[in-house]
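Q: I want to go through this model before setting anything up. Can you pull it up?

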Amino acid sequence: MFNFLEKNPFFFTLAFIFVFAIAGLVEILPNFFKSARPIEGLRPYTTLETAGRQVYIKEGCYNCHSQLIRPFQAEVDRYGAYSLSGEYAYDRPFLWGSKRIGPDLHRVGDYRTTDWHEKHMLDPKSVVPHSIMPAYKHLFIKKSDFDTAYAEALTQKKVFGVPYDTENGVKLGSVEEAKKAYLEEAKKITADMKDKRVLEAIERGEVLEIVALIAYLNSLGNSRINANQNAK
């Protein structure tokens, strides 16, 4: 066989590529699957956070903001600890982004507050004088989409095995249970908000898109990573 390969460069090249590919897969795949596992303490998104993530995608926030902190000192100093692959285990799709017209948001929940986000989304220049971000006043009017968020979370659980309804984890439950938790979580967010439309809506049992978006932004950072550990 080896004599045949030595006399036929074409087949020798094919054999070399085949062996090299197998060796590469043996070396790379085990580490890939290990890296793709959720990091310890990571919890799934709540239904409200999922609704906020959908708003984030719908409004195209990923076009101007990344969610990927690279392991460079300048980025770590500005945005916090660099991102780990296991932090994205429950993200479908990933929202890494490709531009930074605005700052990276992967750890924004660690240093921005609900009150800050409310002001920023209503009038960006009120908190960042040189901001070029447009105002998102329509988010203070439109109701968030609970049904789609719940359907997505349920799909994540049943199709992808995301650990909802586990001990010390995020409870999804039935539609009625999830809707109740959705409203209760929204009330905690709106307790730190001042906009009259938001407060009137929550009194009626309605959750506006701005509330869901802020819930999602608040979840970006250590609050999701340490959740299960803190619950023990």
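Q: What does the pLDDT of the protein chain average?
A: The average is 90, and 91% of the residues score at least 70. pLDDT is the predictor's confidence in each residue, from 0 to 100. This is a predicted model, so local features need pLDDT of at least 70 and side-chain atom pairs count only at pLDDT 80 or more, while totals for chains, interfaces and linings use all residues. Residues are numbered from 1 along each chain as its sequence is written, and side-chain values use heavy atoms, with hydrogens and water left out.

Q: Where is the pLDDT below 50?
A: Over residues 228-232. Beyond near neighbours in sequence, that stretch has nine contacts in the model, a contact being heavy atoms within 4.5 Å. Where pLDDT is low, the predicted coordinates should not be read in detail.

Q: OK, pockets. What volume does the largest pocket have?
A: About 630 Å³. A pocket here is an open set of points on a 1 Å grid over the protein atoms alone, where a 1.4 Å probe fits, with protein on both sides within 12 Å along at least five of seven lines. Points are joined across faces, edges and corners, and the volume is the space filled by probe spheres set on them.

Q: Which residues lie nearest its centre?
A: H65, G102, P103, H120 and M133, out of 28 lining residues; lining means having an atom within 4 Å of a point. Helix 4 (73-79), helix 5 (114-122) and helix 9 (209-219) each give two or more residues to that lining. Helix 5 gives the most, with four. Helices are DSSP runs of H or I with at least four residues, strands are E runs of at least two, and both are numbered from the N terminus.

Q: And by class?
A: The lining of the largest pocket has 18 nonpolar, seven polar and three charged residues. Nonpolar is Ala, Val, Leu, Ile, Met, Phe, Trp, Tyr, Cys and Pro, charged is Asp, Glu, Lys and Arg, and the others, Gly among them, are polar.

Q: How many residues line the second largest pocket?
A: 19, with T46, E49, A181, E185 and K188 nearest the centre. The second largest pocket holds about 370 Å³. Helix 7 supplies the largest share of the lining, seven residues. By class, that lining divides into eight nonpolar, five polar and six charged.

Q: Back to helix 5. Is H117 buried or exposed?
A: H117 is buried, because its relative accessible area is 2% and buried means under 20% (1.4 Å probe, protein chains only). H117 touches V108, R112, I214, L217 and N218, not counting residues up to four places away in sequence.

Terms used: Buried < 20%, exposed > 50% of the residue type's maximum accessible area, 1.4 Å probe, protein only.
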